[in-house]
Amino acid sequence: MGRHRKQPAVTVRRSSVIALTGLVPAGLVAVTAASDVGNASQAAAAVEQHLPDDQAAVGAQPQTLMEPAAETEFVVNKMAKPSGPPVVKSVALADGRQPAALPAGPMGVPGIAIAAYENAERILAADNPTCNMPWSMLAGIGRVESTHAYGKADADGNPLTPVYGPVLDGSLAGNNVIRDSDGGELDGLGSYDRAIGPMQFLPQTWKRYAADGNGDGIADPQNLFDAALTAGKYLCDGGLNMRDFAQQSKAILRYNNSMAYVANVMAWETSYSSGVAPRAGDLPRI
């Protein structure tokens, strides 16, 4: 499978004391081997992502630090886990749904998005404890990919408006052409694919890693709970440990083969876990 965005291979030597020439937020030194995303043997496992076009604006100014509202516990997945694999589909929802009423979390992240990321962290801690996936890393991916479903999701974690990336038909400079892989079942298109949902998966990759984050028996790429858990499953794949910055960098490169992308995700991850707004220099243009 080809990448959405064509990127040159990047090699960073292990044990480097240079923080990726300023691309990694202060306090984090990412030491990673060359990404294997482009290798033919690994390509089938890659999450095909598309970065929103407005990312050029991200990082122009540091965000204002916001005081988090009182923490509200949001518990999902209370029902018994389905006995078999989830049904993979996008659920049609009515218009006029209202945004979730949960208070915002660190740096103004919508409360429903925080609930989805923390829920994924809990499930992964039980199912894949050696991965050590923090909710803040998933939040970093969600911030860069869709600004947490553009900050508008209902109480079940469904975006008020479905989230789609551009059509991958070659008309967007720098992106690969990706022919239809699902008959439009997930992305609504019959000729070419496009990334879907708040964590921006291609249909073929979603079908491979699809997870049910809210215990309803469905793996819907548009749902924040399902998307967060599926992203976690993908990032953890292959026995990677997110406490090791080299392995974390390798995992993030699967999303987008760009060290600038890695820097952005890590910068937001650090900000969400510390409550300190990222600096403009921590958010290089992708």
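Which residue takes a positive phi just after helix 7? A few notes on this one, bearing in mind that the model is predicted.

1. To take that opening point right away: the residue is Gly275, which sits just after helix 7 and has a positive phi of about 80 degrees. At the other end, where helix 7 starts, a side-chain oxygen of Ser258 comes to within 3.2 Å of the backbone nitrogen of Ala260. So both ends of helix 7 give you something to look at on screen.

2. Between those ends, helix 7 runs to 16 residues and spans 22 Å from first C-alpha to last, close to the 22 Å expected at 1.5 Å a residue. Of its 16 residues, 13 are buried, so helix 7 is largely enclosed by the rest of the structure.

3. Two residues of helix 7 make a handy contrast. Asn264 is in this helix and is buried, with a relative accessible area of 1%. Ser273 is in helix 7 as well, but Ser273 is exposed, with a relative accessible area of 53%.

4. Both of those residues have partners elsewhere in the chain to check. Asn264 and Leu283 are 19 residues apart in sequence, and their C-alpha atoms are 5.0 Å apart in space. For Ser273, the C-alpha lies 9.0 Å from that of Pro134, with their positions 139 residues apart along the chain. Ser273 also has a local partner: a polar atom of its side chain is 3.1 Å from the backbone oxygen of Thr270.

5. Stepping back to the whole fold, the protein chain has seven helices and two strands. Read from the N terminus, the order is α-β-α-α-α-β-α-α-α. Buried residues account for 50% of the 286 in the chain. The accessible surface is about 12,500 Å², with 53% of that belonging to carbon and sulfur atoms.

6. How do the contacts spread along the sequence? Taking those between residues at least 6 apart, 69% join residues at least 24 apart.

7. The largest nonpolar core has 56 residues, and those with the most contacts inside it include Tyr117, Met133, Ile141 and Tyr255. The elements giving two or more residues to this core are helix 2 (111-127), helix 3 (135-150), helix 4 (203-209), helix 5 (224-236), helix 6 (245-255) and helix 7 (259-274).

8. If you want one residue to centre the view on, try Tyr117. Not counting neighbours within four places in sequence, Tyr117 is in contact with Val109, Trp135, Leu138, Ala139, Gly142, His148, Met199 and Ala228. Met199 is also among the residues with the most contacts inside the core.

9. There is one disulfide in the structure. It joins Cys131 to Cys236, with an S to S distance of 1.9 Å. The link ties together distant parts of the chain: Cys131 is in the loop between helix 2 and helix 3, while Cys236 is in helix 5, 105 residues apart. The angle about the S-S bond is -75 degrees, making the link of Cys131 and Cys236 left-handed. Both cysteines, Cys131 and Cys236, are buried.

10. Last one: Gln248, in helix 6. Is this polar side chain's residue buried or exposed? At 1% relative accessibility, Gln248 counts as buried, because the cut-off is under 20%. Outside its neighbours within four places in sequence, Gln248 is in contact with Met137, Asn241, Met242, Met266 and Glu269.

Methods
Residues are numbered from 1 along each chain as its sequence is written. This is a predicted model: local features need pLDDT of at least 70, side-chain atom pairs count only at pLDDT 80 or more; totals for chains, interfaces and linings use all residues. Side-chain values use heavy atoms; hydrogens and water are left out. A nonpolar core is a set of buried Ala, Val, Leu, Ile, Met, Phe, Trp, Tyr and Cys residues joined through side-chain atoms within 4.5 Å. Buried means under 20% relative accessible area, exposed over 50%, partly exposed in between (1.4 Å probe, protein chains only). Helices (H or I, at least four residues) and strands (E, at least two) are DSSP runs, numbered from the N terminus. Contact means heavy atoms within 4.5 Å. Accessible areas come from the Shrake-Rupley method with a 1.4 Å probe; for residues, only the protein chains shown count as cover. The expected span of a helix is 1.5 Å times one less than its number of residues. A polar contact is a pair of N or O atoms within 3.5 Å; within protein, one must be able to donate a hydrogen and the other to accept it, and residues adjacent in sequence count only if both atoms are side-chain atoms. A disulfide is a pair of cysteine sulfur atoms within 2.5 Å.
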